[in-house]
Amino acid sequence: MLNLKLAEKQNSAYKVLCLGGHSDDIEIGCGGTILKLIANYPNIIFQWVVFSSNPAREKEAISSANNFLSNVAEKQIVIKSFRDGFLPFIAIEVKEAFEQIKQAFNPDLILTHYRSDAHQDHRLISELTWNTFRNHLILEYEIPKYDGDLGNPNFYVPLESSICQQKIKYIIDSFPSQKDKQWFTEETFLSILRIRGIESNAPDKYAEAFYARKMVF
């Protein structure tokens with residue numbers, strides 16, 4: 001299996017754009033990868049955008065993002081308040097938000113939702129990511145859910161067990177409003193990481209998985 005990594009930049013830092021439909025999506029889908037990027041690239045820059053929230057969820061999202069990005073010097077956390085479950089029905093407003101992001105931030109890497117996700121909000125965010133950013137490396141992350149829409153990813157990021165534990169702790173601690181949901185458990189999050197670790201023969205047994213639809217080598 002061929003291992004790839006970001007090339008060293010001489011005079012500038014890598015810019016990463018994280019896009020999530022809801023307040024915990026980024027963390028669940030790619031929180032471990034974010035922590036690994038931060039550990040490997042000290043000067044990395046992040047823009048973190050969540051599209052759907054309410055006042056309580058916004059507080060959780062800001063707390064969680066600050067936990068994950070605590071070692072990042074340059075970052076912007078944006079929490080929008082579009083209605084949960086209705087993003088496709090207000091697509092014009094969501095598209096305008098994407099255009100604003102595009103004008104303000106030119107990322108090297110974009111982490112977004114899986115195009116075939118069964119949740120309508122997730123699919124729209126993925127579609128608008130590809131529609132808006134035409135010359136960027138885009139990796140689509142996955143979210144476990146009742147719908148059973150996990151697919152066959154083709155891009156893996158091996159993770160150390162310490163990063164996995166840190167990711168899970170941040171998620172559990174940051175989103176108390178979700179603790180009554182039967183799927184929102186440490187076991188769920190660790191199980192997905194372990195399965196993807198098996199598929200990628202990860203040295204420390206764990207990995208996050210993505211869909212890389214276009215890459216230039």
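Which helix gives the most to the lining of the largest cavity? That is α6, with 4 residues. Keep in mind that this is a predicted model. Let's take a look at its empty spaces, and then at one residue in a strand.

**The enclosed space**

The structure holds 1 cavity of 30 Å³ or more, and about 100 Å³ of space lies in this largest cavity. Besides α6, which spans residues 186-200, α1 and β7 (206-211) each supply at least two residues of the lining. If you'd like to find the spot yourself, look for Ile28, Gly29, Glu142, Pro144, Lys167 and Phe189, which are among the lining residues. Others on the list include Ile192, Leu193, Arg196, Ala207, Glu208 and Ala209.

**The open spaces**

Now for the pockets. The largest pocket holds about 1400 Å³ of space. Of the 36 residues that line it, Leu4, Leu6, Leu137, Phe155 and Met215 are the closest to its centre. Helix α1 (25-40) and the strands β5 (137-141) and β6 (155-159) each bring at least two residues to the lining of this pocket. Helix α1 is also named as a supplier for the lining of the largest cavity, again with at least two residues.

The second largest pocket has a volume of about 400 Å³. Its lining counts 22 residues, and nearest the centre you'll find His22, Arg57, Asp84, His119 and Lys181.

Here is how the three linings divide by residue class:

| Space | Nonpolar | Polar | Charged |
|---|---|---|---|
| Largest pocket | 23 residues | 8 residues | 5 residues |
| Second largest pocket | 6 residues | 8 residues | 8 residues |
| Largest cavity | 7 residues | 1 residue | 4 residues |

**A residue to zoom in on: His113**

His113 sits in strand β4, which covers residues 109-113. Is His113 buried or exposed? It counts as buried because its relative accessible area is 0%, and the cut-off for buried is under 20%.

What does His113 touch, leaving aside residues up to four places away in sequence? Its contacts include Leu19, Gly20, Gly21 and Asp25. His122, Ile125 and Ser126 are also touched by His113, and so are Glu140, Tyr141 and Ile143. With Asp25 there is something extra: the side chains of His113 and Asp25 make a polar contact at 3.4 Å.

Gly29 is worth a glance here too. Its C-alpha atom is 8.1 Å from that of His113, although the two residues are 84 apart along the chain. And you've met Gly29 already, as one of the residues that line the largest cavity.

Definitions and conventions. Residues are numbered from 1 along each chain as its sequence is written. This is a predicted model: local features need pLDDT of at least 70, side-chain atom pairs count only at pLDDT 80 or more; totals for chains, interfaces and linings use all residues. Side-chain values use heavy atoms; hydrogens and water are left out. On a 1 Å grid over the protein atoms alone, a cavity is a set of points where a 1.4 Å probe fits but cannot get out, and a pocket is an open set with protein on both sides within 12 Å along at least five of seven lines; lining residues have an atom within 4 Å of a point. Grid points are joined across faces, edges and corners, and a volume is the space filled by probe spheres set on the points. Ala, Val, Leu, Ile, Met, Phe, Trp, Tyr, Cys and Pro count as nonpolar, Asp, Glu, Lys and Arg as charged, and the others, Gly among them, as polar. Buried means under 20% relative accessible area, exposed over 50%, partly exposed in between (1.4 Å probe, protein chains only). Contact means heavy atoms within 4.5 Å. A polar contact is a pair of N or O atoms within 3.5 Å; within protein, one must be able to donate a hydrogen and the other to accept it, and residues adjacent in sequence count only if both atoms are side-chain atoms.
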